[in-house]
Amino acid sequence: MLSPTQNLTSENEVAGVAESLALEKLMLLTDIEEIHAQLRLLNDEETRIDSDLDAILRNNVDVERNLELLDIIRPQLSRLKLESGGMSRTLNTTSHLAEKISDKVRQLDLEQSRVKATVNLVEDVRDLQRCAVRVNQAMEGEDWEEAGAQIKRFLAFDQTLLDSLFSGDGNGSYFVGGGNVDSLTATSSPVGVLRAARRRLTEIAVDRFDRATENGNDEEVARSFKLFPLVGEHDIGLDKLAGFVCGLIARQSRDAMRDATDRAQTMYADLLTRLFETVANAIARQQPMIEAHYGAGKIVRFIARLQREADIQSSIIIDEFLEKRQLQRKLSEVTTDSGRFTASTQRTSSSNHLDPRELDVVLTEMSIMSHRAALYERFFRIRLELESAKVPDTPLDNPYLESRLRRRVMDVMADYVQLEEWFFRKSIEKAVKIDEYEPGSRTSSCVDDVFYILRKSTTRALSTSNADSLCALVGLIGRSLEVDYMHGFQKRLTNSFAVATESAKETKLSFMVLLNNMDVSCDYTQKLAQELEAGALQMHAEASELTIEKIKASIQGLKEYGTSFRSSVKRWIENLFNQLIKPRVRPLLQEASKDVRYALSEDEYNAEATDGGLSTMARRFVNGFTKIMDPFQKGYTDYNYNQTMIYALHYCAEDWERYVFSNYKFTQLGALRFDKDVRDVTSQLTAEASWPTARDKFARMNQIATLLNFDSVAEVNEFVSSKTGSMTWRLKASDVRKVLALRLDFRQEDINSLQA
């Protein structure tokens with residue numbers, strides 16, 4: 001068991017004896033080392049305390065000097081304390097006084113502002129009195145402009161405030177005798193006087209305006225019109241002027257209709273044009289006066305009133321147009337005949353008295369009416385845009401957009417689309433019916449006739465300036481080309497196909513003319529679409545992006561019709577090739593290759609030398625092929641002939657390749673002869689085709705000849721591995737081995753070991 005001393009020592013050892021122990025604990029120490037350690041600590045602490053005391057004593061001198069200074073300034077501090085207390089009391093008193101003065105000043109400012117407001121009000125009242133007196137004098141002297149100027153000053157005052165000041169009941173009024181305000185006396189309430197004067201001057205302005213319009217006095221009309229904004233009756237003035245101008249417009253429109261001659265083909269379009277010009281000129285002529293006296297943006301009310309009159313007069317013109325041109329009868333006949341269009345391609349017109357030439361004139365007039373209406377609408381839009389820029393904070397509506405005129409024109413254009421469709425479909429039917437072929441021509445007359453009609457219809461549709469009508473007609477034209485025109489060609493091709501296969505010369509020519517018609521029609525369709533797109537984008541350059549996209553989509557549909565027509569042409573050319581040309585090419589190849597051998601000895605090779613001319617096989621084949629293709633070269637269009645040559649050359653190459661593999665073996669000299677035959681045939685047929693890429697059809701045959709002319713299989717292996725040469729390699733590994741197997745001097749083991 002450890003003693004207390006030992007336990008304490010252990011704790012000190014753990015703690016590292018960091019500080020001296022308390023006196024009670026020192027008395028308990030028995031270990032000499034611990035006692036010495038504690039003694040050292042006490043000595044160190046004593047040394048530190050002595051150092052601190054010395055430092056304090058050294059600083060004591062400064063402390064005493066500072067205390068002496070404080071004793072010296074103590075009386076001064078007492079005096080300052082007393083003085084600062086007095087100053088604080090003075091500042092508090094001054095602050096309270098300043099607050100009272102500030103309150104008084106604010107009250108004084110308020111009273112001053114009230115006095116100023118009262119003075120201003122008194123001045124306004126005196127001004128109103130002067131206005132009332134001057135109005136009275138001006139009215140008595142019939143100086144309407146001066147009276148209007150005084151009333152305009154009166155209207156500039158706050159009417160609500162005036163109502164509170166001049167109640168008219170005598171209580172609190174600034175004036176006496178405010179009874180009968182119509183007496184216009186100076187003792188009356190000035191507000192009553194001025195308001196009565198305003199009513200009276202308005203009546204006078206209306207009366208003078210009406211009498212001036214009846215007498216046709218334009219100067220007096222303008223003078224009376226300028227009075228209305230002075231008395232604050234802008235709407236009445238604008239309505240009176242608009243009514244006067246509308247009367248002039250109606251009279252001019254009636255006179256124009258009475259003087260017009262029905263013999264004019266565009267009489268009603270001209271009447272509408274004159275009406276639009278009259279309205280536009282009236283707006284342009286009156287705008288400066290309206291803006292000067294009524295302000296910016298006020299002319300919109302005047303324009304809206306004129307548009308209502310334009311609706312009335314244009315409806316009269318359009319109704320007269322519908323009646324005189326018998327449009328309903330024409331539409332009824334068109335609807336009936338359109339049913340026969342749908343029911344059958346064989347139609348009779350015995351019951352239809354509608355003449356396309358008569359309808360052509362009506363359609364032209366309708367297109368002019370639409371175009372003039374579009375220009376009129378553009379005039380309104382630009383005018384409203386200019387007015388909106390002058391008053392950007394005030395929304396202005398375009399009166400044309402909701403007008404009856406716009407709806408009537410839209411109805412007319414709906415009828416136009418229906419009539420135009422019948423016109424070009426009937427014209428196409430007639431052109432196909434009277435189709436004629438002139439010897440020496442590659443197409444018949446209906447192609448140019450049909451596309452002349454379509455170009456006329458599309459040009460007329462463009463001239464309407466109506467994007468919806470244009471898009472509708474473009475779609476109908478594409479559909480009509482497919483159903484009424486190209487389908488008719490294909491039906492005639494189908495009916496004559498069996499006869500054409502019998503090689504009747506006239507029938508074959510008719511067959512080729514039909515295909516030429518289809519080919520040229522494809523070109524004309526694409527050209528028509530391109531011209532239409534350019535014209536439409538120019539005509540509708542200011543249209544919205546949505547309208548532009550709609551136009552482009554409709555024209556793209558027409559282009560797609562042209563592309564589908566081209567595909568039909570290709571199919572019919574292929575059918576004709578398979579029936580008329582292909583059966584004659586194989587016997588021709590067999591005939592040209594009779595007595596031809598390629599397993600030649602040197603003597604046989606030398607005996608068949610051609611001295612640089614065509615080989616026997618090539619001469620026979622080219623002469624026979626040219627004889628077969630010559631009628632097609634003379635009768636076909638360039639596209640149709642080239643397309644036929646594509647099919648012919650492709651078949652010749654394939655059939656020749658099959659014939660070689662099934663009928664020939666080769667020696668090295670025979671391979672040379674075969675190479676010459678291939679080169680001769682290729683060069684001659686390529687020249688005949690006038691088609692630069694025709695040589696590509698014989699690429700495999702040329703590569704076969706190349707392989708057959710190698711001296712050994714090892715050379716072939718090297719050639720195929722390196723893929724040397726300018727040609728694209730068309731033969732697969734199996735084809736290469738099959739070709740090399742035709743050489744009599746090549747071993748099969750070497751061929752089988754060929755690396756591909």
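## Core, helix packing and loops in a predicted model

In the largest nonpolar core, which has 173 residues, the members that touch the most other members are F302, L306, Y485, F621, F625, W656 and F674. Helix α18, spanning residues 545-592, gives the most to this core, with 15 residues. The model described here is predicted.

Y485 is one of the core residues named above. Apart from its neighbours within four places in sequence, Y485 is in contact with I428, V432, C446, V447, V450, F451, S480, N517 and S521.

Helix α18 also packs against helix α21, which covers residues 638-663. Their axes are 9 Å apart and meet at an angle of about 40 degrees. Because this angle is neither under 35 degrees nor within 65 to 115 degrees, α18 counts as oblique to α21. The crossing of the two helices is right-handed. On the α18 side, the residues that take part are R566, V569, K570, I573, E574, F577, I581, K582, V585, R586, L589 and Q590. On the α21 side they are Y639, N640, Q643, T644, Y647, A648, Y651, C652, D655, W656, R658 and Y659. W656 is thus named both for its contacts in the core and in this helix pair.

The relative accessible areas of four residues are given below.

| Residue | Relative accessible area | Class |
|---|---|---|
| C522 | 1% | buried |
| C652 | 3% | buried |
| G297 | 15% | buried |
| D595 | 69% | exposed |

Two of these entries are cysteines, C522 and C652. The structure holds zero disulfides. A disulfide is a covalent bond between the sulfur atoms of two cysteines.

G297 is found in the loop between α10 (267-294) and α11 (299-324). G297 is classed as buried because its relative accessible area of 15% is under 20%. Its C-alpha is 8.9 Å from that of L384, although the two residues are 87 places apart in sequence. Leaving aside neighbours within four places in sequence, G297 is in contact with E387 and V391.

Two further loop residues stand out by their backbone angles. Most residues other than glycine have a negative phi. S465, which is not a glycine, has a positive phi of about 60 degrees. S465 lies in the loop between α15 (445-463) and α16 (467-500). D595, also not a glycine, has a positive phi of about 65 degrees. The loop that holds D595 runs between α18 and α19 (602-607). D595 counts as exposed because its relative accessible area of 69% is over 50%.

How values were computed. Residues numbered from 1 in each chain as written. Predicted model: local features only at pLDDT ≥ 70, side-chain atom pairs only at ≥ 80, totals over all residues. Heavy atoms only, no water. Disulfide = S-S within 2.5 Å. Buried < 20%, exposed > 50% of the residue type's maximum accessible area, 1.4 Å probe, protein only. Core = buried A, V, L, I, M, F, W, Y, C linked by side-chain atoms within 4.5 Å. Helix = DSSP H or I, 4+ residues; strand = E, 2+ residues; numbered from the N terminus. Contact = heavy atoms within 4.5 Å. Axes fitted to C-alpha atoms, helices over the stretch in contact; angles between N-to-C directions. Parallel < 35°, antiparallel > 145°, perpendicular 65-115°, else oblique. Left-handed = near helix turned anticlockwise from the far one by under 90°.
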